[in-house]
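The following exercises are to be worked through with the sequence and the three-dimensional model at hand. Each task is followed by a solution in steps.

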Amino acid sequence: MSAPTYDLGTLHGGLRLPGHKSASTGQAIIDVPVPAQLVLPITQHVGDPSQPVVGIGERVLKGQLIAESDGTLSAPVHAPSSGKIIAIEPWPVSRRYGENAPCIVIECDGKDEAVLPADMPGNTPANFTTLAPADLLTKILQGGIVGLGGAAFPTAQKLMQARTCKIDHLLLNGVECESYISCDDLLMRERAGEIVNGAQILMHALQIDVCFIAIESDKPEAIRALALVLGEINDERIVIKQVPTIYPSGGEDQLVQLVTNREVPSGGLPSDVGCLVQNVGTAAAIHDWVVDNQPLISRVTTITGDGVASPVNVRARIGTTISDIIELAGGYTDSAKQLIIGGPMTGKSVTTDRVPLVKATNCILVSSETPSPGPALPCIRCGDCAAVCPVQLLPQQLFWYACADDEDKMREFGLMDCIECGCCDLVCPSHIPLTADFRVAKGRIQELADEKARAARARQRFEARSNRLEREQTERETELAQQKASAKKAGPSAIAEILKRKQTSKDDE
Amino acid sequence: MWTAVITIAVIALLAGFGLSIASRRLPSDDGDLVEQVNDLLPQTQCAQCGYPGCRPFATAVVEGTAAINLCPPGGEETVRQLANLLGRKVIPLAESVEPCVAIIDEALCIGCAHCRSACPVDAIVGAHQLMHTIIESECTGCELCVAPCPVDCISMKPLT
C-alpha cells in the first residue's frame with residue numbers, strides 16, 4: 001500500500017529563527033575516542049530511575065547491562081565500553097531539577113571488548129519480519145532505547161502505549177527546528193539506510209503501513225540521501241515530507257498537525273489522532289539494536305557556538321564528559337562564556353563541563369554572549385506573544401495569573417498545554433521571562449496535584465483502618481455475647497458439675 | 001389598602017413559618033461543609049491540631065469551636081483555602097512543621113508492634129518479635145508512632 005497524500009497543515013505562530021547550522025555541517029561526523037572514564041547517570045530518561053546491577057570493582061564489557069529498568073516507565077543502561085566499575089556516586093549532571101544525580105562511573109581499559117552477540121538478550125534472527133510484534137517490543141525494551149530528540153521518553157513504553165490505540169501513521173521526525181543543532185541532519189546524510197530500516201522495524205512492530213519522514217526544507221542533502229535509499233529499496237509505504245523551516249515545527253504535536261493536518265487534542269497524545277512520532281536518531285538506534293545487537297551506547301551530538309574553535313558533529317559514547325568532547329572540537333575560544341546543554345531555546349545552561357553526555361544530549365552549545373536582554377519591564381499587553389504561540393495560548397493572560405498565583409485560572413487558560421518553546425520570550429518587547437515563569441507555575445500545579453493525590457490516598461487508608469478497627473470491635477463483642485449466652489444456656493447446674501469434676505481430678509492427684 | 005397590607009402580612013407570616021419548620025426538619029447542609037473542609041485538609045491524621053484526626057477538626061472548624069490556623073502540616077496554603085471557603089480572615093499559622101517521614105532504625109527495633117497500632121494510615125509493617133519498617137510512600141509524617149516506641153528507634157527525616 002502506498003502512503004496517502006495530505007495537504008500540509010498550518011502551524012499557528014512560530015518563528016523563523018536564524019539557523020546558525022552551517023558552522024557545524026561542514027564536515028562529516030567524527031568519532032570521539034573512548035575516554036579514560038565514563039560517567040553514566042542511572043536516570044537518563046523520563047520516568048523511574050534504573051537500578052544498578054553491577055558492583056564496584058566489577059569488570060564490565062562493552063554492551064553489558066549495568067542498570068536494569070525498574071518500574072513501569074524506565075529504560076536500562078548499558079556499559080559503553082569495557083572497563084572496571086570504580087564508583088556509584090552522585091555526579092553533576094544537566095537536569096532541569098537538581099544538579100547532582102547518582103551515576104555509575106567506569107574506568108575504561110581501552111580494549112573496548114564487547115559482549116559476544118550470543119550473550120545478548122533476545123538474539124534476533126537476521127530478518128526481523130519473522131518476529132512477532134510483541135517480541136520485537138520486548139527486544140526494543142532491552143536495548144535501553146529512549147527518544148533521542150531530547151525528551152528521552154523510553155521508546156518501548158511509547159510503542160506499547162501506541163499499541164493500545166488505533167495507530168495508522170508513523171512519523172519520523174527529522175525536522176530539527178531549533179537553531180545551531182544539526183546532529184539529525186548529519187545523521188540523515190550519513191546513515192539514511194539505517195534510519196529507513198529502523199522505520200521498517202517500527203512499522204512492523206506496530207503493524208502499520210504508512211510512514212512519513214518529515215524534514216525541513218533547508219536540509220536538501222538529507223532529503224537527497226534519504227530519497228536515494230528509498231529509491232533503492234523501493235518501499236512505497238515510506239514517503240518523505242518537506243515541511244517549512246519554522247520553529248517549533250519539530251515539536252511532536254506541531255509536526256502531527258503539519259504533516260497530517262490532524263490536531264492533537266489538549267492534554268492528549270499524538271496517538272489520540274492515530275499518529276506515532278519518533279526521532280530519526282531513535283529509528284537508527286532501533287536498527288543498531290535489532291539488527292546489529294548494539295544497544296544504545298553512543299549517539300551523535302552537535303558541538304557548536306562561537307565559544308568553540310571548530311564546531312562539529314561527533315559520535316560519542318554515552319557517559320563521555322563534555323570537556324572531553326569539547327577538546328575534540330578544538331577547545332574553547334577566548335570568548336566562551338556560557339555552556340548550554342541542548343539548543344538555545346529549550347536547552348539548560350550548566351556551570352561545569354564535568355557533566356556527562358547522556359542519551360538525551362543532542363547539542364552542546366558554547367556561546368559567547370550571556371543572553372540577558374535587560375531587566376524585565378511591565379507587560380504592555382501588545383499581544384505579540386499570543387501571535388507567535390504555536391499552541392494558541394494567551395501568554396500575557398497566563399503571565400497575569402502567574403503573578404497572582406491563580407492556579408485554577410492558569411489551568412483554565414491551558415497552561416498545561418504550554419510546550420515551553422520560548423517563542424513568547426523572544427518576541428516580548430518588555431523582555432519578560434515568560435517561559436521560565438510558566439515552567440515554575442507548571443511545576444507548582446503538578447506539586448499541588450501530587451499533594452492532593454497523596455491526601456486522598458492517606459484518607460482512604462485512614463478510613464479503611466477505621467472501618468477495620470470498628471469491625472474488629474463488633475466481632476469481639478458478638479463473640480463475647482455468644483460465649484455469655486452459651487454459658488447461660490448451660491445453666492448453673494452445669495457449672496457446678498464442671499467445678500466438681502475439677503475438684504475430683506485434683507483430689508486424685 | 002388594609003386588605004392589601006393584611007394579605008401581604010399573612011403571606012409573609014406563612015412563608016416565615018414554613019421556612020422555620022423546613023430549617024428544623026430538613027437535614028442541614030453542615031455535613032457538606034464539613035466534607036468540603038475535610039477535603040482541604042492534608043489528611044495526615046496527625047492530631048497536632050488537638051483533635052483526633054482531620055474530620056473531627058473539620059467538624060470543629062465548621063461549628064466555630066476551632067480556629068482555622070491549627071493545622072501545621074497544611075501550612076499557610078490550607079489556612080488561605082479555609083479562609084476562602086468559610087469567609088473568614090486569613091490569620092498566621094499557629095505552629096509550622098517541616099514535611100517529614102518516619103524512619104525506623106532497624107537495628108534497634110525489638111518488634112513490640114506498638115508503633116504499628118499507633119499509625120493512622122497503616123504505613124508500618126512487621127510481625128510481633130520481628131523487625132518493623134515504614135512504607136515511606138504512605139507515611140504522612142504525623143509523628144504518632146514516635147512516642148509509643150519503648151526503645152526510641154523511630155526518628156523523623158525531613159523531606160527535601
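**Exercise 1. Residues with positive phi, and a cis bond**

Does N261(A) count as buried, partly exposed or exposed, and how many C-beta neighbours lie inside 10 Å?

Solution. The model is predicted: local features need pLDDT of at least 70, side-chain atom pairs count only at pLDDT 80 or more, and totals for chains, interfaces and linings use all residues. Residues are numbered from 1 along each chain as its sequence is written, while chains are lettered from A and ligands numbered from 1 in the order in which they are written.

Step 1. A residue is buried if 20 or more other C-beta atoms, placed from the backbone, lie within 10 Å of its own, exposed if 12 or fewer, and partly exposed in between. N261(A) has 13 such neighbours inside 10 Å and therefore counts as partly exposed.

Step 2. N261(A) is located in the loop between α7 and β12 (275–279) of chain A; helices (H or I, at least four residues) and strands (E, at least two) are DSSP runs, numbered from the N terminus. Phi of N261(A) is positive, near 60 degrees, although the residue is not glycine.

Step 3. Q392(A) is likewise not a glycine and has a positive phi of about 60 degrees. Q392(A) belongs to the loop between α10 (384–388) and α11 (395–403) of chain A. Because Q392(A) has 11 C-beta neighbours inside 10 Å, it counts as exposed.

Step 4. The loop between β11 (238–243) and α7 (252–260) of chain A holds P248(A). The peptide bond leading from Y247(A) to P248(A) is cis, with omega near 0 degrees.

**Exercise 2. A sheet in chain A**

Determine the strand order of the open sheet that contains β7(A), and explain which strands stand at its edges.

Solution. Step 1. Two strands pair if DSSP finds at least two bridges between them. Strand β4 (residues 59–60) and strand β7 (residues 83–92) of chain A run antiparallel and are joined by two bridges; V60(A) has G83(A) as its bridge partner in β7(A).

Step 2. Nine bridges link β7(A) to strand β8 (residues 100–108) of chain A, again antiparallel. Here K84(A) has E107(A) as its bridge partner in β8(A).

Step 3. The open sheet has four strands in the order β2-β8-β7-β4 (chain A), with antiparallel pairing. β2 (37–41) and β4 of chain A are the edge strands, each with a single partner strand, so one side of each has no neighbour in the sheet.

**Exercise 3. Domains and core of chain A**

State how the two domains of chain A are related, and where the largest nonpolar core lies.

Solution. Step 1. Domain bounds come from an automatic or database domain assignment, which gives domain 1 (140–328) and domain 2 (384–438) for chain A. Their C-alpha centres lie 29 Å apart.

Step 2. Five residues from domain 1 of chain A and six residues from domain 2 of chain A make the contact, where two residues are in contact if their C-beta atoms, placed from the backbone, lie within 7 Å.

Step 3. A nonpolar core is a set of buried Ala, Val, Leu, Ile, Met, Phe, Trp, Tyr and Cys residues joined through C-beta atoms within 7 Å. The largest has 123 residues, and those with the most contacts inside it include L170(A), A199(A) and I325(A). Helix α5 (residues 192–206) of chain A supplies the largest share, eight residues. Both domains of chain A give residues to this core, so it lies between them.

Step 4. Leaving aside residues up to four places away in sequence, A199(A) touches L170(A), L172(A), C211(A), I238(A) and A283(A).

**Exercise 4. Chain B**

Check the span of helix α1 of chain B, and describe the domains of that chain.

Solution. Step 1. The expected span of a helix is 1.5 Å times one less than its number of residues. For the 24 residues of helix α1 (residues 2–25) of chain B this gives 34 Å, and the end C-alpha atoms are 34 Å apart, which agrees.

Step 2. The number of buried residues in α1(B) is zero, so this helix lies largely in the open.

Step 3. Chain B is divided into domain 1 (28–97) and domain 2 (98–160), whose C-alpha centres lie 26 Å apart. Five residues of domain 1 of chain B contact eight residues of domain 2 of chain B.
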